[in-house]
Amino acid sequence: MLFGLRLFALRMVFFLSLWTYAGPSYAWGLDVNAKAQGLAHYIMAVVHDLNGESAQAISEYQRSIKFNGAQAAPRLKLGAYYLRFDDIPKAAVQFKAVTRLAPQDPQAHYLLALIYSSEHRYDLAASEYEIILKDSAIDDPANTDAYMYLGQLYYAQDKYPQAIGQFLKVLQFQPSNSSALYLLGSVYADSGDHPKAIALFRKVLQMEPENSEALNSLGYMYAEDGVHLDEAIRMVRQAIQIDPANGAYYDSLGWALYKKGRYAEGLMALQKAQTFIEDEILYDHLGDVFKALKEYTLARKYWRKSLDLDPHQALIEKKINGLEKWIASQSSHRLN
């Protein structure tokens, strides 16, 4: 999957952006003294913020919330501090409180989505982005960043129709967005629609001839379909020149060479891939190559390694069973 959010970098961006957040709002049910105390501590916290005094700022935000917990702004800023110092559980508590107190504020939803994504809780992250999209549809219907994030979350969850819908929304506003075109092609590839995937990867390469991901993906599509194999080998080798430490690219090269009947060369490329990645598809490919080379024990070994990583592969189980039956039959013939 291509979904990956760099949480630390985004933490800093969002933390700095919090200075633009609106001032605190106060609940009418509180007494005047509590409101005044909450406001005073909030103001002191902001002063400490401006002076770069993090510990004092945190303490003042905590006091502000203690006197008036109905304020969204100090909770948002306190949560951002917790996030900055990697206290994720406390940050999440504050951001959740902000979403209750100020449901229309997008920053708390974004930050919660980042937290959930970093924890691989993609359903919850997607829910936060859906809230943002719903709220922004009226004020900012061209919010392509949110569509991109949501599409990647759906893709990570194998929710292909939903992912396709989000990437198509991006392309409505930005027809030449190469990232959206590539991701849409990847979804079509994973969902089995190779013609659409190939057309999109070609389009990306027309725009960006040195896009290593598109070169590799198009080459792999050709190898999977057993077509244009010389071109597939050329494109994947070009991708490797651009990114020589990408194990997936060596896997694609090995697979294309195997499909071309160049088994020994394919094995070398796949073994190179193995130095970078551990992947059930790679092990499946190694099993196929070893079978073609009549190294049946090794073929079975790698198919079993593939099953260890993903037990729900009926095709590989069928390969193993078929190989074992064939070996047994050969032994029987020799005995007779």
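Start with the whole protein chain: it holds 18 helices and zero strands. This is a predicted model. Colour the chain by burial. Buried residues make up 46% of its 336 residues. Now turn to contacts between residues at least 6 apart in sequence. Of these, 49% join residues at least 24 apart.

**Stop 1: α3 and α4**

Select residues 54-67 for helix α3, then residues 73-84 for helix α4. The two pack at an angle of about 140 degrees. Their axes lie 9 Å apart. Angles over 145 degrees count as roughly antiparallel, and this pair is classed as oblique. The crossing of α3 past α4 is left-handed.

Show the side chains where the two meet. On α3, pick Ser54, Ala57, Ile58, Tyr61, Gln62, Ser64 and Ile65. On α4, pick Pro74, Arg75, Lys77, Leu78, Tyr81, Tyr82 and Arg84. Which classes of residue make this contact? Eight are nonpolar, three are polar and three are charged.

**Stop 2: the loop after α4**

Move on to Asp86. This residue sits in the loop between α4 and α5, the helix at 88-101. Check its backbone: phi is positive, about 65 degrees, although Asp86 is not a glycine. Most residues other than glycine have a negative phi.

**Stop 3: α6**

Select residues 106-118, helix α6. The helix has 13 residues. From first C-alpha to last, α6 reaches 18 Å, close to the 18 Å expected at 1.5 Å a residue. Is α6 enclosed or exposed? Because 11 of its 13 residues are buried, α6 is largely enclosed by the rest of the structure.

Highlight the buried set. It starts with Gln107, Ala108, His109, Tyr110 and Leu111. Continue through Leu112, Ala113, Leu114, Ile115, Tyr116 and Ser117.

**Stop 4: α10 and α11**

Next, select 178-190 for α10 and 194-207 for α11. They pack at an angle of about 155 degrees, with their axes 8 Å apart. That angle is over 145 degrees, so α10 and α11 are roughly antiparallel to each other. Their crossing is left-handed.

Show the contact residues. α10 offers Ser178, Leu181, Tyr182, Leu184, Gly185, Ser186, Tyr188 and Ala189. α11 brings His194, Lys196, Ala197, Leu200, Phe201, Lys203, Val204 and Met207. By class, the contact has 10 nonpolar, four polar and two charged residues.

**Stop 5: α12**

Keep α10 and α11 on screen and add residues 212-225, helix α12. Its end C-alpha atoms are 20 Å apart, which agrees with the 20 Å expected for its 14 residues. Of those 14 residues, 11 are buried, so α12 is largely enclosed by the rest of the structure.

Which residues of α12 are buried? Select Ser212, Ala214, Leu215, Asn216, Ser217 and Leu218. Then add Gly219, Tyr220, Met221, Tyr222 and Ala223.

Now bring in the partners. The buried residues of α12 pack against α10 and α11. They also pack against α13 (229-242), α14 (247-259) and α16 (280-292).

**Stop 6: the loop after α12**

Finish at His228, in the loop between α12 and α13. Its phi is near 45 degrees, a positive value in a residue other than glycine. Check its surface too. With a relative accessible area of 47%, His228 is partly exposed.

Terms used
Residues are numbered from 1 along each chain as its sequence is written. This is a predicted model: local features need pLDDT of at least 70, side-chain atom pairs count only at pLDDT 80 or more; totals for chains, interfaces and linings use all residues. Side-chain values use heavy atoms; hydrogens and water are left out. Axes are lines fitted to C-alpha atoms, for helices over the stretch in contact, and angles run from 0 to 180 degrees between N-to-C directions. Helices (H or I, at least four residues) and strands (E, at least two) are DSSP runs, numbered from the N terminus. Angles under 35 degrees count as roughly parallel, over 145 as roughly antiparallel, 65 to 115 as roughly perpendicular and the rest as oblique. A crossing is left-handed if the near helix is turned anticlockwise from the far one by less than a right angle, and right-handed if clockwise. Contact means heavy atoms within 4.5 Å. Ala, Val, Leu, Ile, Met, Phe, Trp, Tyr, Cys and Pro count as nonpolar, Asp, Glu, Lys and Arg as charged, and the others, Gly among them, as polar. The expected span of a helix is 1.5 Å times one less than its number of residues. Buried means under 20% relative accessible area, exposed over 50%, partly exposed in between (1.4 Å probe, protein chains only).
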